[in-house]
Amino acid sequence: MPAIGKKLPALRGTTGDGNELKLSDYRGQWLVVYFYPKDSTPGCTNEARDFRDLHDAFQRRHAQVIGVSRDSPKSHANFATKQELPFPLISDADEAWCRAFDVIHEKVLYGKRHLGIVRSTFLIDPDGKLAAEWRGVKVPGHAQAVLDAIPVA
């Protein structure tokens with residue numbers, strides 16, 4: 001797991017449109033990487049909409065947004081289209097991104113234990129170093145808090 005101020009590992013993934021995306025593609029700008037449990041669920045939909053609605057404000061701060069979950073590229077494509085998301089979603093079926101950011105933990109749902117993605121967000125600076133992290137995120141107001149953490153250019 002990367003520590004604040006440390007460079008991130010070289011990660012790559014497939015987006016909903018089938019393209020490959022690499023973390024290194026975003027050097028020179030701020031990058032928000034948010035992890036969420038599942039496409040088209042209420043909390044995840046609200047979180048995606050919040051980042052979507054603030055997209056122009058992120059752009060003004062020279063920041064890009066990437067969403068990551070274990071859903072398939074097809075699921076991501078459908079979700080992104082339905083929610084009109086202006087940013088890519090990474091399919092992390094092999095959990096490489098999730099392991100690199102240590103976001104898979106035991107969770108309890110309806111009394112049953114399972115391993116799942118803990119809603120988390122990471123802010124990466126233009127040099128590719130971890131600048132801030134939010135773990136165990138509650139959706140309301142979160143996207144705005146992330147935006148507020150990015151310096152005004």
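These are my notebook entries on a few strands, turns and charged residues in this structure.

**Entry 1: what I have open.** I'm working from a predicted model, so everything here is read off a prediction.

**Entry 2: the S1 and S2 hairpin.** I started with strand S1, residues 12–15. S1 is joined to S2 by 3 bridges, and the two strands run antiparallel. I looked up one pairing: Arg12 has Lys22 in S2 as its bridge partner. The hairpin leaves 4 residues between the strands, and there I found Gly18 with a positive phi near 90°.

**Entry 3: another partner for S1.** S1 also pairs with strand S5, residues 89–91. This pairing is antiparallel too, over 2 bridges. Here I noted Thr14, whose bridge partner in S5 is Ser91.

**Entry 4: the S8 and S9 hairpin.** Next I went to strand S8 (residues 120–124) and strand S9 (residues 130–135). They run antiparallel and are joined by 5 bridges. One pair I checked is Leu123 with Ala132 of S9. Between these strands lie 5 residues, and Gly128 in this hairpin has a positive phi near 85°.

**Entry 5: positive phi without glycine.** A reminder to myself: most residues other than glycine have a negative phi. So which way does Glu84 go, positive or negative? Its phi is positive, near 55°. Glu84 sits in the loop between helix H3 (73–83) and S5. I count Glu84 as exposed because its relative accessible area is 61%, and the cut-off for exposed is over 50%.

Then I looked at Glu95, also a residue other than glycine with a positive phi, near 65°. Glu95 is in the loop between S5 and helix H4 (96–101). Is Glu95 buried or exposed? Neither, as it turns out: its relative accessibility is 23%, so Glu95 counts as partly exposed. Buried would need under 20%.

**Entry 6: a charged patch.** Last, I looked for charge on the surface. Which residues make up the patch of positive charge? I found Lys6, Lys7, Arg27 and Lys129 gathered there. I followed up on Arg27, which is in the loop between strand S2 (20–22) and strand S3 (30–35). With a relative accessible area of 45%, Arg27 is partly exposed. Patch members need over 30%, so Arg27 clears that bar.

Methods: Residues are numbered from 1 along each chain as its sequence is written. This is a predicted model: local features need pLDDT of at least 70, side-chain atom pairs count only at pLDDT 80 or more; totals for chains, interfaces and linings use all residues. Side-chain values use heavy atoms; hydrogens and water are left out. Patches are made of residues with over 30% relative accessible area and no salt bridge: like charges are joined within 9 Å, nonpolar side chains (Val, Leu, Ile, Met, Phe, Trp, Tyr) within 5 Å. Accessible areas come from the Shrake-Rupley method with a 1.4 Å probe; for residues, only the protein chains shown count as cover. A salt bridge is a side-chain nitrogen of Lys or Arg within 4 Å of a carboxyl oxygen of Asp or Glu. Lys and Arg count as positive and Asp and Glu as negative; His and the chain ends are not counted. The place of a charge is taken as NZ of Lys, CZ of Arg, CG of Asp or CD of Glu. Buried means under 20% relative accessible area, exposed over 50%, partly exposed in between (1.4 Å probe, protein chains only). Two strands pair if DSSP finds at least two bridges between them.
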